[in-house]
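Student: I am new to this structure and would like to go through it with you, one question at a time.

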Amino acid sequence: MTSRRTVVFQGEPGANSHIACREVYPDFEPVPCDTFEDAFAAIQNGEADLGMIPIENSVAGRVADIHHLMPTSGLNIIGEFFLPLSHQLMAVKGASLATIKTAQSHVMALGQCRNIIRKLGLKAVVGADTAGSARQIAEAGDITQSAIASRLAAEIYGLDIVAENIEDEAHNTTRFIILSREADWAPANNGPTVTTFVFRVRNVPAALYKAMGGFATNGVNMTKLESYQLDGEFFATQFYADVEGHPDDRPLKLALEELAFFSKELRILGVYPAHSYRIALAAKG
């Protein structure tokens with residue numbers, strides 16, 4: 001009898017990443033990791049089969065750590081998943097909106113619930129993650145403390161939800177990438193596809209402008225372009241990009257060839273099916 005395959009996530013049981021694991025891979029064993037580095041290492045050394053890693057949020061923006069870890073990790077993106085988030089304000093039994101004075105959670109969750117924190121006059125307390133904050137509040141047993149986390153976290157740690165769905169924006173959604181040691185490119189001509197890559201342009205005038213020109217002239221839609229500095233150097237800039245299409249599609253193939261000409265480094269991190277959430281957004285225009 002073989003053991004269950006595993007998918008790692010950063011955070012504690014009940015975290016939103018835990019929910020994403022259960023929704024996408026219900027037959028896998030979700031395994032929590034303290035840090036993103038730990039999660040990446042578990043995949044790299046074979047302790048885990050896959051990783052469910054948040055990369056950006058529609059309200060709070062990008063998860064900066066991932067853009068620095070991904071390019072040098074040697075891991076491959078094999079899929080994406082969009083999880084609409086619903087934050088709950090929770091506290092120990094006996095607590096209420098009248099007794100709580102603080103709200104603890106991950107900094108991004110706090111940023112996504114600013115309105116109710118201000119309305120209730122709560123002191124925001126930064127925690128390592130949402131589920132970990134729920135656990136700490138449960139352990140403290142203090143009716144003046146609350147946590148912002150998921151319904152799953154409230155169930156796991158025996159907390160009461162004192163205010164439901166407290167996020168500022170109804171569109172609050174986190175995009176996850178699914179990581180694997182082995183590359184597993186989606187087949188060409190098999191539905192909407194996303195290609196993710198990193199590149200560094202050559203040190204010549206207008207290199208970035210010229211490198212990007214191929215995507216415009218070939219009609220390739222670039223949905224994400226992020227820049228960040230390498231090793232603390234102001235002028236050592238790497239770019240992280242998502243585009244629609246498959247490298248075997250003629251328009252994207254030509255665009256990548258032009259990009260490569262003006263780049264000193266170009267590496268494809270993954271070619272994977274576009275998630276239904278992305279397709280629905282594109283249909284809305």
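What follows is a conversation about helix packing and aromatic rings.

Tutor: Please keep in mind that this is a predicted model, in which local features need pLDDT of at least 70 and side-chain atom pairs count only at pLDDT 80 or more, while totals for chains, interfaces and linings use all residues. Residues are numbered from 1 along each chain as its sequence is written, and side-chain values use heavy atoms, with hydrogens and water left out.

Student: How are the rings of Phe82 and Tyr277 arranged as a pair?

Tutor: Rings of Phe, Tyr and Trp (its six-membered ring) pair if their centres lie within 6.5 Å, and planes under 30 degrees apart count as stacked, over 60 as edge-to-face and the rest as tilted. The centres of Phe82 and Tyr277 are 4.9 Å apart and their planes stand at 20°, so the pair is stacked.

Student: Is Phe82 buried or exposed?

Tutor: Buried means under 20% relative accessible area, exposed over 50%, and partly exposed in between (1.4 Å probe, protein chains only). Phe82 has a relative accessible area of 13%, so Phe82 is buried.

Student: And which of these words fits Tyr277?

Tutor: The relative accessible area of Tyr277 is 25%. By the same cut-offs, Tyr277 is therefore partly exposed.

Student: How are the rings of Phe199 and Phe239 arranged?

Tutor: Both Phe199 and Phe239 are buried. Their ring centres are 5.1 Å apart with the planes at 15°, so this pair is stacked.

Student: Which residues form one aromatic cluster?

Tutor: Phe199 and Phe239 are among them. The cluster in full is formed by Phe197, Phe199, Phe215 and Phe239.
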